[in-house]
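Visitor: Could you take me through one part of this model at close range? I would like to look at a single helix and its surroundings, and then see what else stands out.

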Amino acid sequence: MSMKKWAAAFATVLAFAGAAHAQQFFRIGTGGTAGTYYPVGGMIANAVSQPGKIVATAQASNGSLANVNAIAGGSLEAGLSQSDVATWAYTGTGAFEGKPKVTDLRLIANLYPESIHLVVKKGSGIKSVADLKGKRVALDEPGSGTLIDARMVLAAYGVKESDIKPDYIKPNQAGDKLKDGSLDAFFFVGGAPAGAIAELASSGTGIELVPLAGPQAQALLKSSPWFATDHIPAGTYKDVPAVDTLAVGAQLVTSAKIPADTVYQITKAMYGEAAQKALAAGHAKGKLITKENAVKGAGIPFHPGAEKFYKEAGLIK
């Protein structure tokens with residue numbers, strides 16, 4: 001090969017290497033395929049991907065706790081997490097008591113409220129959390145935010161885990177077991193409508209949602225400020241009346257190690273006109289993913305890249 005051809009070939013290799021280097025992969029941890037994190041995470045990944053620059057992909061996972069741990073370990077660049085789980089991880093409290101603090105955890109955006117669903121079969125006679133004593137109840141898998149919140153709700157109503165027959169399975173499996181009569185109730189924390197519950201309600205299996213209200217819910221709101229009162233309107237699920245419940249914020253979190261420009265570009269893309277239209281059309285909760293809601297309920301510091309965008313937008317000082 002002549003020196004000229006060799007130089008040209010080498011230049012081509014360098015150009016490809018440069019392009020590969022310029023293209024960044026951004027993995028977003030979501031949740032189980034039957035929940036709300038999975039479709040919402042997929043929509044966000046599509047909305048923020050910029051060919052040749054950033055390739056964002058959504059990955060199914062066990063949920064909040066698993067995503068935070070994966071971000072801390074470097075196997076994910078970002079993930080969806082409940083606001084309470086993110087705060088506990090950063091401060092080394094709650095579910096992270098006695099574990100190393102995830103001090104590099106940073107917020108990109110608060111997304112939407114996640115309702116606590118307590119699902120039972122129609123006519124089961126379970127009208128309150130206290131009625132779960134002696135029943136077969138699914139609390140979701142270890143690593144999920146639902147499991148943590150379910151335990152807090154049970155405790156608030158004076159129900160110990162030993163008072164119930166617990167099952168640690170995902171909501172789609174819980175729905176199947178509720179349908180065939182081998183389960184009495186299941187908890188799920190996610191944006192309404194949640195796929196697994198909507199499917200269950202539409203399948204001919206009559207369901208009810210148990211309210212989380214009254215003095216016990218008020219006490220939980222007082223002791224755990226990341227909870228908020230919530231209302232699931234009638235008709236959100238087929239033939240299910242309106243119910244008052246509690247909610248936590250769904251957040252998109254990342255690591256302080258991710259470059260500021262990458263996070264800035266992702267945040268900017270997420271609130272661009274095309275992305276906003278796609279998010280609003282793609283899921284009921286997508287309409288709430290706005291830059292105004294993004295800065296509400298931050299329990300951990302913003303990533304500098306996200307902070308730069310919100311300052312330019314005049315949303316934070």
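**A close look at helix α7**

Guide: Let's begin with the contacts: the buried residues of α7 pack against β4 (105-121), α6 (171-179), β7 (185-190) and β8 (207-209). Please keep in mind that this is a predicted model. The helix itself spans residues 195-202, and its buried residues are A196, I197, L200 and A201. Around the axis they cover an arc of only 130 degrees, which puts them on the same side of α7. The spacing fits a familiar rule: an α-helix has 3.6 residues a turn, so residues three or four places apart point the same way.

Both flanks of the helix deserve a look. Ahead of it, P193 is found in the loop between β7 and α7. The peptide bond that joins A192 and P193 is cis, with omega at about 5 degrees. On the other flank, just after α7, G204 takes a positive phi of about 100 degrees.

Positive phi values turn up in residues other than glycine too. One of these is D140, where phi is near 80 degrees. D140 lies in the loop between β5 (136-138) and α5 (145-156). Its relative accessibility is 6%, under the 20% cut-off, so D140 counts as buried. Another is D239, with phi near 60 degrees, placed in the loop between β9 and β10. Here the relative accessibility is 59%, which is over 50%, so D239 counts as exposed.

The loop that holds D140 brings us to N62. N62 lies in the loop between β2 (54-59) and α3 (64-73), and at 31% relative accessibility it counts as partly exposed. Leaving aside residues up to four places away in sequence, N62 touches E141, P142, G143, S144 and K170. As for A269, it is 207 residues from N62 in sequence, and their C-alpha atoms are 27 Å apart in space.

Now back to β4, one of the elements that the buried residues of α7 pack against. β4 also supplies four residues to the lining of the largest pocket, the largest share. That pocket holds about 310 Å³ of space. It is lined by 19 residues, and the closest to its centre are S83, N110, V248, G249 and G297. Besides β4, the elements α4 (83-91), β9 (228-232) and β10 (243-255) each supply at least two residues of the lining.

Finally, a word on the aromatic rings. A search of the whole structure finds six aromatic pairs. In one of them, the rings of F309 and Y310 have their centres 5.6 Å apart and their planes at 70 degrees, so the pair is edge-to-face. Both F309 and Y310 are buried, and together with Y271 and F302 they form one aromatic cluster. Rings also meet charges in this model. The charged end of K308 sits over the ring of Y264, 4.2 Å from its centre. Likewise, the charged end of K99 sits over the ring of F96, with 5.6 Å to the ring centre.

If you return to the helix after this tour, start again from A196, I197, L200 and A201, the buried residues of α7, and follow their packing out to β4, α6, β7 and β8.

How values were computed
Residues are numbered from 1 along each chain as its sequence is written. This is a predicted model: local features need pLDDT of at least 70, side-chain atom pairs count only at pLDDT 80 or more; totals for chains, interfaces and linings use all residues. Side-chain values use heavy atoms; hydrogens and water are left out. Rings of Phe, Tyr and Trp (its six-membered ring) pair if their centres lie within 6.5 Å; planes under 30 degrees apart count as stacked, over 60 as edge-to-face and the rest as tilted. Buried means under 20% relative accessible area, exposed over 50%, partly exposed in between (1.4 Å probe, protein chains only). A charge sits over a ring if NZ of Lys or CZ of Arg is within 6 Å of the ring centre and within 35 degrees of the ring normal. The arc is that of the directions from the helix axis to the C-beta atoms. Contact means heavy atoms within 4.5 Å. On a 1 Å grid over the protein atoms alone, a cavity is a set of points where a 1.4 Å probe fits but cannot get out, and a pocket is an open set with protein on both sides within 12 Å along at least five of seven lines; lining residues have an atom within 4 Å of a point. Grid points are joined across faces, edges and corners, and a volume is the space filled by probe spheres set on the points.
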